[in-house]
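User: I have a new model on my screen and would like to get to know it before I go back to the bench. Could we walk through it together?

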Amino acid sequence: MAQFTAEVFQNEFLAEGSTDVHAIVRMTATGAGTPEAGPIDAGEVIMIDTSGSMAGASFAAAQHAAQVALDVIEDGTWFAIVGGSHVANRVFPYPNAPSSMVRMEPAARAEAKRAIGMMRAGGGTAMSTWLQLADQLLGLLPPGTKRHAILLTDGKNESEPKHHLTATLERLQGRFRCDARGVGSRYEVAEVREIASALLGSDELIRDPSQIADSFRQMLGESMARGIPEAQLRVWTPQGAQLLFVRQVSPKLDDLTPRRTVVNPLTAGFPTGSWGDESREYHVAVRVPSKPVGSEQLAARVQIVTGDQVRASGLVKAMWSSDANLTARISPEVAHYTGQAELAEAIQQGLAAKAAGDEATATVKLGRAVQLARETGNEEATTRLRKVVDIENEEQGTVRLKRHTDRLDEMALDTVSTKTTRVRR
Amino acid sequence: MVTETTDPDPRPVHDEQEDPPTVPTAPVRSATHDRDASSSAADDADPGGAEGSGDSGADGDAEGTEGTEDAADVVCPRCGAAGAAGSRFCEECGAPIDGEPDPAAQPDGTGAADELPETPSRPCVRCGGRVADDGYCEECGAPAVSERDHFEVTASPTVGGVCDRGVVHARNEDALALGEAGGVVALVVCDGVSSAPASDAASLAASEAALATLLGGAPGGEREVDAEGAARTSAWAALLTEAAERANEAVVAVPTTHVDDAPSCTYVAAVVDGARVVVASVGDSRAYWLPDRARAVRLTVDDSWAQEMAEMGVHVSQVRGSAHAHAITRWLGADAPELRPRHDTVTVAERGWLLLCSDGLWNYCEDADELGSLVRRHAAEHDGDATATARALVEWANAQGGRDNVTVALARLGG
């Protein structure tokens, strides 16, 4: 039986006249590997980029990886393979098959591998069509089924206007989880991130096609271990208060604010997708009307909900005080994650400026990123920043842009920018 | 430095404070208004004092519940703590004591003893919303408040009051009692002196004892006031003094382990008998007559150091900043200097509000006419309902900072 716990990190003391309450809320699931009520039904869709650009080593490696992935999918799991170019094609079950998804069993696995081997590369790239097909397939499964998809691409989403993908993602939010992977140096980090973020999945860069199989194996293994198909984060705020933002800050940054749904007039809901045994941390910011010194108020209840059952609840409080020793402290957790969010922004803006040829902005932003990575102890970010800039003074954040950088290094830095480190204790 | 008029013991209360420019002629004690003044109470609470009372095991825990044997004869239905006879609220957890014990919470630890303190099921006192199991309101997020920390009394739509802990203080040491019998309305407000322990129990006991005495003067009551004309007013004044004496006895009966610093409180009471309003007070809780279309009248004179300074001609601006500004010179309690309530009377010839309040309200609005406008404004917003208006005034005082307990009792007079 899965258990959730909630922990709150904050400085609840506010100075007279202050209105903004910040807290980090950590939600931890344990025992999630064993499904709650018998085996849960699961569906997996694997989307492989079959556009013309894939032809060659990448395509062969992707085919191999998809075949390997089939071995990881447990018997009994519904599955389908989609080949994506400027259109989406169902590779398996075969287009003329009577059912659009089938349960995994040895014969189906062997036939699916054969079908993957017959895929051919050609055409453009319109990822919204792939995602729509995946949604159609997963939508056939009964309610309560855990729905998961994998998307692999090597190129830009160039065969459709950008807003097609964005609109599609908006529509598909909460319908299934999608982990997205880019292989090689020709895809857009921001596009893959947008897909993963909207569909509550992970995004990663695969440097070399030979690593695709490992990545697929890992994604499907993790998916199989997520025993909680869907949980919702709920944030109650008192009458007259304003929920400023809700941001996932660990294990990676993801602003949930735009995905807000209304549970009731005082409670906002945010989909969090499926859970395995893991901790996720959220930065919640609430603005409440100021109260006289000495007053206490609950500023937020932050809850994790499955079905309609509250599984864990964290209380974010506000206490107005005239003691500056109490009110001046900033919670180390809030400070840490605020720094990490700023770090992600500095990296992304710095790389964008660099790509646009604005070296002055790029130098300032990436310099600031070096400084923040040091301050927040994010060594992975520091290591990756070193491949893009020469650091003169880490503490002051003075850097010079490297003359010749590997585009893969910049993409890796961009991808890693949203990954956060935990607070040092 | 402080001279005594009726009590031979010198008062230690102000030993640590700077001498005022002029020494008051009556004993002074720090009233509820600032908790810092209670540091002298800590000096008094040394173990030697407790041993002197013959109850050496009582220091440090459950103060006031085991001082005398015959007092501990009610048991809190929620937490099981023993309380004095006639207690309305538990001194430990603040739960109401209504004489019907909850079988799930026996004092011997059986039943549901390992459960968390029971969630108050009554609505939020700030907004009326539901209070969740986590102890906070589901609407406004205010923390749950115990019954002792906020209670309301309604005698009729035109007579009611609210007693509230305020924002800053940890305990509500104010108390309120009011009622109506045979056409006579009686209202009592007492403000416990926070430098003395158990003053919350003292103020509650005092207000209830006084109310019982005053309602005895109503038609059919055991002390029915039957004189006519001026003698009727005098009879009510005499009963108000007697009510103060009964209240004083109730305060003295509150058990305490601190022999050197007895529980104590202020007293203001009013009787409305037809058009006749008679008021008595000890300390700095006040009564006002606030006619709708005439100037407001303050019916009480504070027994306070500030008042004495004013009477000596010291300007109010010099008094305000002093450490003594909120010290009272008379109170109810075992160590009360003398029990001689000040009286006043008014004949109601028009519509208006009779207001009794603790300094938690009037400290934010010293001017009587402004207080009148404040009451009328809130009354207009609540259709003239006395309890709702009192609640709104308490909220108003809390919004100003709520630095003290706040009690407001209102009666709509003149038809």
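Analyst: Happily! This is a predicted model. To begin with chain B, buried residues make up 49% of its 415 residues.

User: How many helices and strands are there in chain B?

Analyst: Both kinds of element occur in chain B. The count for chain B is nine helices and 17 strands.

User: What share of the contacts in chain B with a separation of 6 or more comes from residues 24 or more positions apart?

Analyst: Here we set aside pairs with a separation below 6 and look at what remains in chain B. Of those contacts, the part due to residues 24 or more positions apart is 65%.

User: Let's pick one strand. Is strand 11 of chain B largely enclosed or largely open, and why?

Analyst: Strand 11 of chain B covers residues 286–291, six residues in total. Five of the six are buried, so the rest of the structure leaves strand 11 of chain B largely enclosed.

User: Which residue of strand 16 of chain B stands opposite B:L290?

Analyst: Strand 16 of chain B spans residues 352–357, and it pairs with strand 11 of chain B in the antiparallel sense over six bridges. Within strand 16 of chain B, the residue opposite B:L290 is B:W353.

User: And what is the bridge partner of B:Y288 in strand 12 of chain B?

Analyst: Strand 12 of chain B (residues 297–298) runs antiparallel to strand 11 of chain B, and two bridges join them. The two strands form a hairpin, with five residues between them. In strand 12 of chain B, B:Y288 has as its bridge partner B:R298.

User: Now a helix residue: is B:E381 buried or exposed?

Analyst: B:E381 belongs to helix 8 of chain B, residues 368–381. A residue counts as exposed if 12 or fewer other C-beta atoms lie within 10 Å of its own. B:E381 has 12 such neighbours, so it is exposed.

User: How far apart in space are B:E381 and B:L204?

Analyst: In sequence, B:E381 and B:L204 are 177 residues apart. From C-alpha to C-alpha, their distance in space is 30 Å.

User: Last one: which strand gives the largest share of the side of chain A that touches chain B?

Analyst: The contact takes twelve residues from chain A and 13 residues from chain B. On the chain A side, strand 17 (296–306) and strand 18 (309–320) each supply at least two residues. By class, that side of chain A has six nonpolar, five polar and one charged residues. Its largest share, four residues, comes from strand 17 of chain A.

Technical notes:
Residues are numbered from 1 along each chain as its sequence is written. Chains are lettered from A and ligands numbered from 1 in the order in which they are written. This is a predicted model: local features need pLDDT of at least 70, side-chain atom pairs count only at pLDDT 80 or more; totals for chains, interfaces and linings use all residues. A residue is buried if 20 or more other C-beta atoms lie within 10 Å of its own, exposed if 12 or fewer, and partly exposed in between; C-beta atoms are placed from the backbone. Two strands pair if DSSP finds at least two bridges between them. Two residues are in contact if their C-beta atoms, placed from the backbone, lie within 7 Å. Ala, Val, Leu, Ile, Met, Phe, Trp, Tyr, Cys and Pro count as nonpolar, Asp, Glu, Lys and Arg as charged, and the others, Gly among them, as polar.
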